[in-house]
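Trainee: I am new to this structure and would like a close look at a single part of it, followed by the setting in which that part lies. Could you take me through it slowly?

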Amino acid sequence: MLEIKDLKVSVDGKQILNGINLSIGQGEVHAIMGPNGSGKSTLSQVLAGRESYHIDSGSILFLGKDLTQFSVEERAGEGVFMAFQYPVAIPGVKNTTFLKAALNSVRKYRGEEELDAAQFLKLLKEKSEMLELRDDLLKRYVNDGFSGGEKKRNEIVQMAVLDPCFAVLDETDSGLDIDALKTVASGVNQLRGPKRSMLVITHYQRLLDYIVPDFVHVLAQGKIITSGGKDLAKELEEKGYGWIQDHEKEQTELPSV
Amino acid sequence: MSQNKEKNQQELSRERQEIEETLSQSYKYGFVTDIETETIPAGLNEDVVRMISAKKQEPEFMLQWRLKAFEYWKKMKEPAWQNVTYPEIDYQSLHYYAAPKSDKDRPKSLDEVDPELLATYEKLGIPLHERAALAGVAVDAVFDSVSVATTYKEKLSELGIVFCSFSEAVREHPELVKKYLGSVVPVTDNFFATLNSAVFSDGSFVYIPKGVRCPMELSTYFRINAINTGQFERTLIIADEGSYVSYLEGCTAPQRDENQLHAAVVELVAMKDAQIKYSTVQNWYPGDKEGKGGIYNFVTKRGKCLGERSKISWTQVETGSAVTWKYPSCILQGDGSIGEFYSVAVTNNYQQADTGTKMIHLGKNTKSTIVSKGISAGKSQNTYRGLVKMMKSADNARNYSQCDSLLMTDRCGAHTFPLMEIKNNTAQIEHEATTSNIGEDQLFYCQQRGLSSEDAVAMIVNGFCEEVFKELPMEFAVEAKKLLEVSLEGSVG
């Protein structure tokens, strides 16, 4: 589904990603862990198409197409969704209005019929019931005055409605207490399926207790330094990021000894 | 004798030749004199004021009123305190009276209308049958609207409601005009209002009798006879005790006019327990992208809450004109009366707007609310200017003001001048103000969800204005939203 090859990215002339290689298959959930400043958020922004990030070299293939050729909204149409670390408030715009406009833009892009108000509300009701999320959020203005937990829940509702085939969850656990984390994670798990791939980006292992990934990658200094199964996350939590970096150093230093 | 006769004939033929030559020449001042056109030559003096009054067959009191205004105006100076700049206006070069265009001068069909104008109608979703009328096409289709207007008029008169042109009111209801004209905006009020008082062409008049709730939104749109009222429009609305009226002015379709200066006056009077809701959508030609042309809109609008518990509410969406100078205000005289001002002012390209309100609290327990949303794009300048005045007599008066500015580019300006004068220490005042840029983060968020940047901007801006739009009558609000989108097309950068 997603094939990243030797991706190098810089922001304001400073190189942040130093050659990322990552391959995500259909229906797989991959987690990227890493300390602050390792380039986790940069990777998610680049996938979504943020302009201020400059791709120096490498390639991103999405369903066989060059993702970098698409604008931000075209990527959404192609099926890329990003759950934001800090969802933005849009005062005065009702959540339902926003979501209906978004869904219809995406449907139009895909050559599907746009939904009218009644069809949309029916779909919205189905999705929020499935996720067991109260729908009072939907009547409010987009993320305006939402608590941290409400914002993240709102992201998941949007994901459910827009039905992307690939979702990036950018630090979805940040700012959540344990109960909110469980609610959001259960929503995400409901949306897992054989046709939807996910990239879960997190600093902490605890999110991965609830959203159990198929693969874990560790990012440091703009590179994936090690990859493994779900147990890698546990190991990392016990020994800290220092361990993996030392481990890496040992490995690279070995041949010279 | 024969010699003489011959000489005479020679002279005659020379004379004829001269006459013929003169007649064949085009008029060197560049306009065609048409017997049917009732245009008074350019310039302003007492005779012009008298001529206007005479053409309108006005009673003596009206003429005297105009003359008084003119005498005063001669001594006045054009205001210079506002935060706008424009070339000096030569008041002696303007025409102060022109009868409505005859069908002959109008476009014969939509094919003759500026395609750009038609494209804008299309974008605004204006129904086909209304486009012709709006573009000034001389067609019979207008008759549809006339019959609609007549039906409305019958229904209104059954309730005793008067809704007619100002000229008609002067003839049919002189006692009401005499009593209330100038009672809110005195003839000596300000340079532009005084000029209007001397030379106003026509406008609307509304009277709602005691206890009557006007069953429909009154709109100038349906009052065909007031189309082409020209640059000096005059409106007077009187709501008698316990009555209610909602009045809509203007329409979202772009309006072009060869008169550059527009100086209208609107006066509202609300008696005890009466309510007046006045909504405006102003979309006069703003000039081109380089700032050439465009209307100067210098308007005086004021309402007086004369009776106890009366209420006046102004809602305006201002997107047009090259220069706007406008402060719809309320004088809260009756105890417990309420004044409201909700405003969206959009400036793009080189437009300049200096707009706001004045809330003058005189009565006890009076309340006022001000919500102003300024949106600046291009290289435009957008100013909010407000005055909240609590007089000594205004015990327990309250005001809430909120002024928000949204900047679409880094080349435009937003300015806020909120003024407060408090002479009673029981007054309560709250003021909030914000200035924000249209956020890159907001745009990115919307685009990530699939919206184009144009749709995203429209959505964010409409959200910003929501508090004002919800005060507009439903259909008007829908139109206003579309208008905003069209006005700001391609303006993010």
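Mentor: Let us begin with the largest cavity, whose lining, sorted by class, has five nonpolar, ten polar and one charged residues. Please keep in mind throughout that this is a predicted model. The volume of this largest cavity is about 90 Å³, and the structure holds five cavities of 30 Å³ or more. Of the 16 residues that line the largest cavity, those closest to its centre are B:Ser372, B:Gly374, B:Asn382, B:Thr383 and B:Tyr384. Several elements of chain B give two or more residues each to this lining, namely strand S13 (338–347), strand S14 (352–361), strand S15 (367–376), strand S16 (381–390), strand S17 (398–407) and strand S18 (413–422).

From the cavity we can turn to another place in chain B, the residue B:Val323, which lies in strand S11, a strand made of residues 323–326. B:Val323 counts as buried because its relative accessibility is 2%, and buried here means under 20%. Leaving aside residues up to four places away in sequence, B:Val323 touches B:Val84, B:Thr85 and B:Tyr86, then B:Ile295, B:Tyr296, B:Asn297 and B:Phe298, and also B:Gln352. As for distance, the C-alpha atom of B:Val323 is separated by 35 Å from that of B:Lys153, and these two residues are 170 residues apart along the chain.

B:Ser321 is placed in the loop between strand S10 (311–318) and S11 of chain B. The backbone of B:Ser321 has a positive phi of about 70 degrees, although this residue is not a glycine. With a relative accessibility of 0%, B:Ser321 counts as buried.

A useful companion to B:Ser321 is found in chain A, where A:Asp6 has a positive phi of about 45 degrees and is likewise not a glycine. The place of A:Asp6 is in strand S1 of chain A, which covers residues 2–11. A:Asp6 is partly exposed, because its relative accessible area is 38%, and partly exposed refers to values between 20% and 50%.

Now for the chains as wholes, starting with chain B, in which the secondary structure comes to twelve helices and 19 strands. Chain B has 493 residues, and buried residues make up 53% of them. Among the contacts in chain B with a separation of 6 or more, 85% are accounted for by residues 24 or more positions apart. The surface that chain B exposes is about 23300 Å², with carbon and sulfur atoms supplying 50% of it.

Chain A, for its part, has a secondary structure of eight helices and twelve strands. The radius of gyration of chain A is 19 Å, close to the 18 Å that the globule rule gives for 257 residues, so chain A is as compact as a globular protein of that length. Taken along the principal axes, the C-alpha atoms of chain A fill a box of roughly 70 × 40 × 35 Å. Of the 257 residues in chain A, 51% count as buried, and the accessible surface of this chain comes to about 11800 Å², of which 48% belongs to carbon and sulfur atoms. Finally, when contacts in chain A between residues at least 6 apart in sequence are considered, 69% of them join residues at least 24 apart.

Notes: Residues are numbered from 1 along each chain as its sequence is written. Chains are lettered from A and ligands numbered from 1 in the order in which they are written. This is a predicted model: local features need pLDDT of at least 70, side-chain atom pairs count only at pLDDT 80 or more; totals for chains, interfaces and linings use all residues. Side-chain values use heavy atoms; hydrogens and water are left out. Helices (H or I, at least four residues) and strands (E, at least two) are DSSP runs, numbered from the N terminus. Buried means under 20% relative accessible area, exposed over 50%, partly exposed in between (1.4 Å probe, protein chains only). Contact means heavy atoms within 4.5 Å. On a 1 Å grid over the protein atoms alone, a cavity is a set of points where a 1.4 Å probe fits but cannot get out, and a pocket is an open set with protein on both sides within 12 Å along at least five of seven lines; lining residues have an atom within 4 Å of a point. Grid points are joined across faces, edges and corners, and a volume is the space filled by probe spheres set on the points. Ala, Val, Leu, Ile, Met, Phe, Trp, Tyr, Cys and Pro count as nonpolar, Asp, Glu, Lys and Arg as charged, and the others, Gly among them, as polar. The radius of gyration is taken over C-alpha atoms; the globule rule is 2.2 Å times the number of residues to the power 0.38. Accessible areas come from the Shrake-Rupley method with a 1.4 Å probe; for residues, only the protein chains shown count as cover.
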